[in-house]
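Please open the model in your viewer and keep the sequence panel visible. The tour below proceeds by selection, one stop at a time.

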Amino acid sequence: MAARKSLYLAAGALSLPLLAMPALAQGAVGTDWRWLTFTVFAAIIGLTMFVTYLAAKRVKSAADFYTAGGGVSGLQNGWAIAGDYLSAASFLGIAGLISLYGYDGFMYSVGWLVAYITVLLVIAEPCRNIGKYTLADILAYRNDPKKTRVVGAISVITVSTFYLTAQMVGGGVLVKTLIGIDYEVSVVAVGVLMLAYVLFGGMVATTWVQIIKAVLLVIASILLVMFVWAPYGFSLPAFLEAAIGDAKVQAQVAALLGDASKNMTPAELGQRFLEPGLLFKAPIDQISLGMALVFGTAGLPHILMRFFTVPTAQEARKSVIWAMAIIGGFYVLTLFLGLGAAMNVGAANIRAIDAGGNMAAPLLAQFLGGGADSFFGNLFLAFVAAVAFATIVAVVAGLVLAAASAMAHDLYVGVIRGEHVTPQEQVKAARIATVIVGALAITIGIAAKGQNVAHLVALAFAVAASANFPCVLLTLYWKRCNTGGIMAGMVIGTCTAIGLVLVSPNMTYPLAVKAAAQKVVDGSVARYAAIAEAAASGDAAKVARAEKDKAALDKQVAAATGNLDRFKDERTSMVGLEKPLFDLKNPGLISIPLGFLAVFLGSLLYRDKRAEEMWDELYVRQNTGILAAKAQAH
Amino acid sequence: MSVSSTAASINWAAIDADPRFQLLHSRKLRFLMGLMVFSVIFYFLLPVGAAYFPELFKVKLWGPLNIGIAFALTEFVVAWAIAFFYSRRANREFDAMARELIRDAETIGRK
């Protein structure tokens, strides 16, 4: 135990100086206030490390490591699910989308909550009743265990890796933007901390880290909303009135609409912010993404795994109810955060630090605390930044645990060793797999630096919705489903989802990039002339504006020439296409029906006596929970 | 059900054929399917409405608050309501029916 204790201290001590390493990059936090940010970070990391230390004493068996021994309560699990699910993409991303695009950003958040209705109604309780540690346990119940474990594990590792890459890269960029430390340093810090939690504390520590993070996130959001809404007497129309009456909001709408806004009054421009269509131009993409969210969440391995941590189906139900209350409440708060940032900080200032709008909530916190030069402004910002950091670590921990369990429990113990292992070997396999996945996450995170990974989260949802969801749903509810269907569904669902993305507009098409860059460079001549004219006008306000415009234009031209240079000799995308084969950004609309079709056809064309014979047992158990308490004991 | 019972000591086919199980599964399935279909349709009304009926979404109800915002907020309320209705019915009805089957699991189908 003493050796283990010193390992923790080592992990904690290693990550802190990594964070504190001085760097030149400019973040949202001013250099004078960096000490404050690190103090808040250290406090939160210290708290989670302490929890991990306590948790490690309770992790003895594989069940403890994978599922906290099934001893998590519904309320705790609800908070942990919220902590697992509210990744930086939804916490910072949605607030940012609302601050830049108004209504469309808010509409986007709805699908993330509705997804839990599917989880609640058809997945959570049956999985608790028949599952043990992993998604593949459910598939292996009545189908050929080895075959379904192999495809199930591959799909789990695929989905988790996509999600993990997005989190690692997004997290590295985020920490760099917030506090200005190097990208590689922040990726390693996230990876080392996460490994410390998972390796020593298993699911017990991961659960508590997720709970702590979710509680901090909710507290931070409620505080910010109180501050931003209070001046309007907590009246919704008065708050909306103030938002649409704000000149910065009106300017953002005018900028988004371009020429179409010429004849609109300021009041019309403001109101337009609360109407659909500023972000989403292609409804079919919206519907496709909606399908991936609503059916994909129920197939996300790290979410599914959370239902094995509670003792009964009743607690599983309770945990989804709590998760829906927390997640839904959080998205409603996000509406206020986004609009508050739009009118107090302004879209132009938000985009100046991060073009995707991810800095809306942190900048709003800084503003509400008193601004960039005040103590409370920077304390608020530090708190929100620390919560964002904890968010990434908590989500990554859940993902690594899911991928490691597929590797150790399904592939090694289930397939390679044919279930013939000692309890000690099981725990050892789990820890080794964790280190492998963790090292992989750090490597991918560093290798993918500078790549656009935002669509990888959507792709993870699409694969989960097209492969995992049809397989889990049909093996639970359709008598004729069998090994053939599971194999076909997993392979075809995964391959079509990934294949469609490879030929979609999400990929980088050098010809299109070069054309756009060339346009910027060509157009810059006239714009520089206009700026020079304004700068020479002598009017102080105009000159100041011209200087700002020139700096912005310099940046654009530099980016464009960079792109021209980078893609100089390239004509085609990664898969050899000059332009996308079709316009659908999210593959869900096509790949989800195909995944279902594959399970149906595969099952009908394959004969599997075991799947038929086991149906009564599976169906009775998933509905009643007979023997459920024993499933986790053996 | 005794502590020592295993999957092999239970007659699953007999439980499946038991009228109490048939009642539980048919009620549950019908209820779940209904809620599921309703919630999916209700959710997709939002993106479809925003895309194809933007004029309707722009109609103002209360100050600047328009139908679009009110409808998006309604989505949250409806999601919570579905969760509430499901858990109430499951807590009151389905759990009690399942408990009876768990209690009798070892004896159903034994001669």
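Begin with the largest nonpolar core, which has 247 residues. The model is a predicted one. Within this core, select A:Ile327, A:Leu364, A:Ala388, A:Val393, A:Val396 and A:Val400, the residues with the most contacts inside it. Next, colour helix α18 of chain A, residues 375-416; this helix gives the core its largest share, 28 residues.

Now centre the view on A:Val400. Which residues are in contact with A:Val400, leaving aside its neighbours within four places in sequence? They are A:Met194, A:Val198, A:Thr434, A:Val437, A:Gly438 and A:Ala441.

Select α15(A) as the following stop. Its 32 residues should span 46 Å at 1.5 Å a residue, and its end C-alpha atoms are indeed 46 Å apart, so the two values agree. Of these 32 residues, 27 are buried, and therefore α15(A) is largely enclosed by the rest of the structure. After α15(A), look for A:Gly346, whose phi is positive, near 95°.

Turn then to the two chains together. Here 42 residues of chain A are in contact with 48 residues of chain B. On chain A, α6 (103-130), α10 (236-244), α13 (283-296), α15 (313-344) and α26 (615-624) each supply at least two residues of the side that touches chain B. The largest share of that side, 11 residues, comes from α6(A). By class, the side of chain A touching chain B has 27 nonpolar, 10 polar and five charged residues.

Finally, colour chain A by domain: the domain assignment gives domain 1 (2-509 + 572-633) and domain 2 (517-566). The centres of domain 1 and domain 2 of chain A, taken over C-alpha atoms, are separated by 39 Å.

How values were computed. Residues are numbered from 1 along each chain as its sequence is written. Chains are lettered from A and ligands numbered from 1 in the order in which they are written. This is a predicted model: local features need pLDDT of at least 70, side-chain atom pairs count only at pLDDT 80 or more; totals for chains, interfaces and linings use all residues. Two residues are in contact if their C-beta atoms, placed from the backbone, lie within 7 Å. Helices (H or I, at least four residues) and strands (E, at least two) are DSSP runs, numbered from the N terminus. Ala, Val, Leu, Ile, Met, Phe, Trp, Tyr, Cys and Pro count as nonpolar, Asp, Glu, Lys and Arg as charged, and the others, Gly among them, as polar. Domain bounds come from an automatic or database domain assignment. The expected span of a helix is 1.5 Å times one less than its number of residues. A residue is buried if 20 or more other C-beta atoms lie within 10 Å of its own, exposed if 12 or fewer, and partly exposed in between; C-beta atoms are placed from the backbone. A nonpolar core is a set of buried Ala, Val, Leu, Ile, Met, Phe, Trp, Tyr and Cys residues joined through C-beta atoms within 7 Å.
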